[in-house]
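Visitor: Hi, I'm new to this one. Could you put it on screen and walk me through a few spots?

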Amino acid sequence: MAIIQAAYLKNVLSSVMYTDTVTITRQMPVIDDEGADCYKPTDVYVSIPCKLSQYGKELESNQEDRAFKLKNDLRLCMDPKYKVLPNDIMTVCHEDQTFVLYAAQPFCYEDHQEISVRRREEA
């Protein structure tokens, strides 16, 4: 019964909630032209259905030496079959806007996963 419910919930989430898309990029080890080990950003998943949302109640802000910084809490929800690692680069297309965000540790559930994401300057 629980397996049927989880499958049903995944279908509902996919058809109703996941209206955004995300491309996940990860630093992968490669060997450069000189034979040295290095890392190269590589897309591991492209245009995956997801949902980007705010989950904090208040917008935080602070004055720094040269800038006024704003911070808000964002969460990305998606199917748990995709493996997301902390610091993966997540390029999210949300209602004609593009956000480049960095993943925290995902919280995986049977029917979805939730990932706190931040812009680089908020990390």
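Guide: Happy to! Let's start with Arg 26, which counts as buried because its relative accessibility is 15%, and the cut-off for buried is under 20%. Keep in mind that this is a predicted model.

Visitor: What does the side chain of Arg 26 meet in a salt bridge?

Guide: The partner is Asp 88, with 2.8 Å from N to O. This salt bridge links distant parts of the chain: Arg 26 belongs to strand β1 (residues 20-31), Asp 88 to the loop between β5 and β6 (89-94), and they are 62 residues apart.

Visitor: Why would two side chains like that pair up?

Guide: In general, side chains of opposite charge can pair when their charged atoms come close.

Visitor: And is Asp 88 buried or exposed?

Guide: Asp 88 is buried, because its relative accessible area is 3% and buried means under 20%.

Visitor: Which residues is Asp 88 in contact with, leaving aside neighbours within four places in sequence?

Guide: Asp 88 has Ile 24, Thr 25 and Arg 26 among its contacts, and also Lys 83, Leu 101, Tyr 102 and Ala 103.

Visitor: How many salt bridges does the count come to?

Guide: The count comes to 2. Besides the one between Asp 88 and Arg 26, there is a salt bridge between the side chains of Glu 114 and Arg 75, at 3.9 Å from N to O. That pair also joins distant parts of the chain, with Glu 114 in strand β9, Arg 75 in strand β5, and their positions 39 residues apart.

Visitor: Are Glu 114 and Arg 75 buried or exposed?

Guide: Each falls in between. Glu 114 counts as partly exposed at 21% relative accessibility, and Arg 75 is partly exposed with a relative accessible area of 25%.

Visitor: New topic: strand β5. Which strands does it pair with?

Guide: Strand β2 (residues 37-54) pairs with β5 in the antiparallel sense over 5 bridges. Strand β9 (residues 113-118) pairs with β5 as well, again antiparallel and over 5 bridges.

Visitor: Which residues stand opposite each other there?

Guide: Between β2 and β5, Gln 54 stands opposite Leu 74 in β5. On the β9 side, Leu 76 stands opposite Ile 115 in β9.

Visitor: How many residues of β5 are buried?

Guide: In strand β5 (residues 74-78), 4 of the 5 residues are buried, so the strand is largely enclosed by the rest of the structure.

Visitor: Great, thanks for the tour!

Methods. Residues numbered from 1 in each chain as written. Predicted model: local features only at pLDDT ≥ 70, side-chain atom pairs only at ≥ 80, totals over all residues. Heavy atoms only, no water. Buried < 20%, exposed > 50% of the residue type's maximum accessible area, 1.4 Å probe, protein only. Helix = DSSP H or I, 4+ residues; strand = E, 2+ residues; numbered from the N terminus. Pairing = 2+ DSSP bridges. Salt bridge = Lys/Arg side-chain N within 4 Å of Asp/Glu carboxyl O. Contact = heavy atoms within 4.5 Å.
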